[in-house]
Amino acid sequence: MNRTRILAAGAGGTLLVVAATSFASPWWTLNRLRAAVERHDAEGVSAQVDFPALRDSVKSQLLGSIARDAGTNAFAAIGQAFARAVADPLVDAIVSPAGVAAMVEHGKVSIGNPTRDAATPAAEPSRDKPPQHKPPQHKPHYALHYRGWRHFAVTAEDGGSFVFRRDGLWSWKLAGIELPRN
C-alpha cells in the first residue's frame, strides 16, 4: 500500500513537472531567440524559425493587402499580376535571419526596414567609415499569449505579432507574423 502511494506521488510529480516545463517552453524559446539576436548569431536565429512557413505567412498577407488596396479599376488586374511576380523574390530577401533579428530587436513586425523610423529621413552613409549597427534605444516589450496547444503569439509594440508553432513537446518555431493593422 505504501509503495503504491509513493509510485502514484512520483508519477503525479513527474506529470506536473512535464506540464509545467511544457507550459513555460514559449518563454524559453523567446528568450533563446532574443539571446541569438543580441549575439548577432544568424544560426541561432535560424534554429528558432520555420522559414518556409514564415515566408508563406508574409506572402499571403502582402498579396492580401495589395488585393484590398487595388480596388476594381482596369489596372488592378495588371497590378496584382505584377505584385505576384515581385512578391516571391521580395519576401525571400526580407524573410531572412537578419530580417527576423531586426524585427525582434526593435520590437516591430513590419515588411521593409524595421530599424528605420518612418518620420526620420534616412541618413547618407559616410564613405569614410563603415556603417555602424545602432542598438535600439530601449528593450522592446512583448505580450505573450497562447492560442491553443499548438500556437502562441508574441505581440510587439507596434501591434503586430510573431506567431510560433509547437515543434515537439518543449520546442517552438516562429512560423508566421501578423502585420499591424495600420
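Which side chain meets that of Asp-50 in a salt bridge? The side chain of Arg-165 does, with N and O 2.3 Å apart. This report starts from the whole chain and then comes back to that pair. Keep in mind that the model is predicted.

## The chain as a whole

The chain has 182 residues. Its secondary structure comes to 5 helices and 4 strands. Their order along the sequence is α-α-α-α-α-β-β-β-β. Read it from left to right: the helices come before the strands.

How much of the chain is buried? Of the residues, 31% count as buried. The chain exposes about 11900 Å². Carbon and sulfur atoms supply 60% of that area. Now take the contacts between residues at least 6 apart in sequence. Of these, 55% join residues at least 24 apart.

## Asp-50 and its partners

Asp-50 lies in the loop between H2 and H3. H2 covers 42-46, and H3 covers 51-70. Is Asp-50 buried or exposed? Its relative accessible area is 19%. The cut-off for buried is under 20%, so Asp-50 counts as buried.

Return to the salt bridge between Asp-50 and Arg-165. The pair links distant parts of the chain, 115 residues apart. Arg-165 sits in strand S3, residues 161-166. At 27% relative accessibility, Arg-165 is partly exposed.

Arg-165 is one of several residues that Asp-50 touches. Leaving out residues up to four places away in sequence, the list is Arg-165, Lys-173, Leu-174 and Ala-175. Look at Leu-174 in particular. Asp-50 and Leu-174 are 124 residues apart in sequence. In space, their C-alpha atoms are 5.8 Å apart.

## Other salt bridges

How many salt bridges are there? The count comes to 5. Asp-50 with Arg-165 is one of them. Two others are described here.

Asp-88 and Lys-59 join side chains in a salt bridge of 2.9 Å, N to O. This pair also links distant parts of the chain. Asp-88 is in helix H4, residues 76-94, while Lys-59 is in helix H3. They are 29 residues apart. Asp-88 has a relative accessible area of 36%, and is partly exposed.

Arg-39 and Asp-41 form another salt bridge, at 3.0 Å from N to O. Their surroundings can be read from their accessibility. Arg-39 has 53% relative accessibility. Exposed means over 50%, so Arg-39 counts as exposed. Asp-41 has 26%, which makes it partly exposed.

## Two helices that cross

Helix H1 spans residues 2-39, and helix H5 spans residues 97-106. Their axes come within 9 Å. They cross at roughly 105 degrees. Angles of 65 to 115 degrees count as roughly perpendicular, so H1 and H5 fit that label.

Which residues meet here? From H1 come Leu-33, Arg-34 and Val-37. From H5 come Ala-101, Val-104 and Glu-105.

## A nonpolar patch on the surface

Which residues make the nonpolar surface patch? They are Trp-28, Trp-149, Leu-169 and Trp-170. The patch covers about 460 Å².

Take Trp-170 as an example. Trp-170 lies in the loop between S3 and strand S4, which covers 172-178. Its relative accessible area is 41%, so Trp-170 is partly exposed. Residues in a patch need over 30%, and Trp-170 is above that cut-off.

Terms used: Residues are numbered from 1 along each chain as its sequence is written. This is a predicted model: local features need pLDDT of at least 70, side-chain atom pairs count only at pLDDT 80 or more; totals for chains, interfaces and linings use all residues. Side-chain values use heavy atoms; hydrogens and water are left out. Helices (H or I, at least four residues) and strands (E, at least two) are DSSP runs, numbered from the N terminus. Buried means under 20% relative accessible area, exposed over 50%, partly exposed in between (1.4 Å probe, protein chains only). Contact means heavy atoms within 4.5 Å. Accessible areas come from the Shrake-Rupley method with a 1.4 Å probe; for residues, only the protein chains shown count as cover. A salt bridge is a side-chain nitrogen of Lys or Arg within 4 Å of a carboxyl oxygen of Asp or Glu. Patches are made of residues with over 30% relative accessible area and no salt bridge: like charges are joined within 9 Å, nonpolar side chains (Val, Leu, Ile, Met, Phe, Trp, Tyr) within 5 Å. Axes are lines fitted to C-alpha atoms, for helices over the stretch in contact, and angles run from 0 to 180 degrees between N-to-C directions. Angles under 35 degrees count as roughly parallel, over 145 as roughly antiparallel, 65 to 115 as roughly perpendicular and the rest as oblique.
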